[in-house]
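Below is a short report on a single protein chain and the ligand placed with it. The sections begin with one position in the interior and then move outward through the rest of the chain.

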Amino acid sequence: MFGHETLSDLGSEWREFAACSGRQDDLFFPVNEAEVSLVRAAKAVCQACPVQEECLSYAIETGQMDGVWGGMTSRERRVLRRKRVVRIRRAS
Ligand code: SF4
């Protein structure tokens, strides 16, 4: 299995432009996100990806729990998600 473009249940147009296309899956979905070198390498690919913003939004909106999406680990996305919830609650 390769990068995010092959997850057939998530078909979205932005995937066609994914810089992770053809990359090894264990780079973006490491067994252990504490594998700093793998996560760092995945994030480097994301930094040059033309659809990073779309990818991150998608991961957050669909609650992707694993892997690096949009340059963020699952833990980083959880923190971001929590901040957004707090911001929305404060605004309402
Ligand atoms: S931002 Fe990263 S994970 Fe998302 S499509 Fe681009 S390279 Fe893949």
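## Alanine 42 and the nonpolar core

In this predicted model, alanine 42 is in contact with Leu27, Phe28 and Val68, once its neighbours within four places in sequence are left aside. Alanine 42 also belongs to the largest nonpolar core, which has 15 residues, and the members that touch the most others are Phe28, Ala42, Cys49, Cys55, Leu56, Val68 and Trp69. At least two residues of this core are supplied by each of α1 (25-28), α2 and α3.

## The shell around the ligand

The ligand is surrounded by 16 residues, of which Ala18, Cys20, Cys46, Cys49 and Cys55 come nearest. Two or more residues of this shell are given by each of α2 (36-47) and α3 (52-61). Sorted by class, the shell has 11 nonpolar and 5 polar residues, while charged residues are absent from it.

Two of the cysteines that come nearest to the ligand, Cys49 and Cys55, are also among the core residues that touch the most other members.

## The two sides of α3

The buried residues of α3 are Cys55, Leu56 and Ala59. Seen down the helix axis, these buried residues of α3 fall within an arc of 95°, and they therefore line one face of the helix. The spacing fits a general property of the α-helix, in which residues three or four places apart point the same way because there are 3.6 residues a turn.

The buried residues of α3 pack against α4 (74-91), whereas the face of α3 turned away from its buried side carries the exposed residues Glu53 and Glu61. Beyond the helix, α3 is followed by glycine 63, whose phi is positive, near 65°.

## Serine 12, before the helices

Serine 12 is found in the segment before α1. Is this serine buried, exposed or partly exposed? Serine 12 has 15 other C-beta atoms within 10 Å, and because a residue counts as buried only at 20 or more and as exposed at 12 or fewer, serine 12 is classed as partly exposed. Although serine 12 and tyrosine 58 are 46 residues apart in sequence, their C-alpha atoms are 9.4 Å apart in space.

## The chain as a whole

The protein chain has 4 helices and 0 strands, and read along the sequence it follows the pattern α-α-α-α. Of the 92 residues in the protein chain, 23% are buried. Among the contacts in the chain with a separation of 6 or more, 39% are accounted for by residues 24 or more positions apart.

Notes:
Residues are numbered from 1 along each chain as its sequence is written. This is a predicted model: local features need pLDDT of at least 70, side-chain atom pairs count only at pLDDT 80 or more; totals for chains, interfaces and linings use all residues. A residue is near a molecule or strand if its C-beta atom, placed from the backbone, lies within 6 Å of it. Ala, Val, Leu, Ile, Met, Phe, Trp, Tyr, Cys and Pro count as nonpolar, Asp, Glu, Lys and Arg as charged, and the others, Gly among them, as polar. A nonpolar core is a set of buried Ala, Val, Leu, Ile, Met, Phe, Trp, Tyr and Cys residues joined through C-beta atoms within 7 Å. Two residues are in contact if their C-beta atoms, placed from the backbone, lie within 7 Å. The arc is that of the directions from the helix axis to the C-beta atoms.
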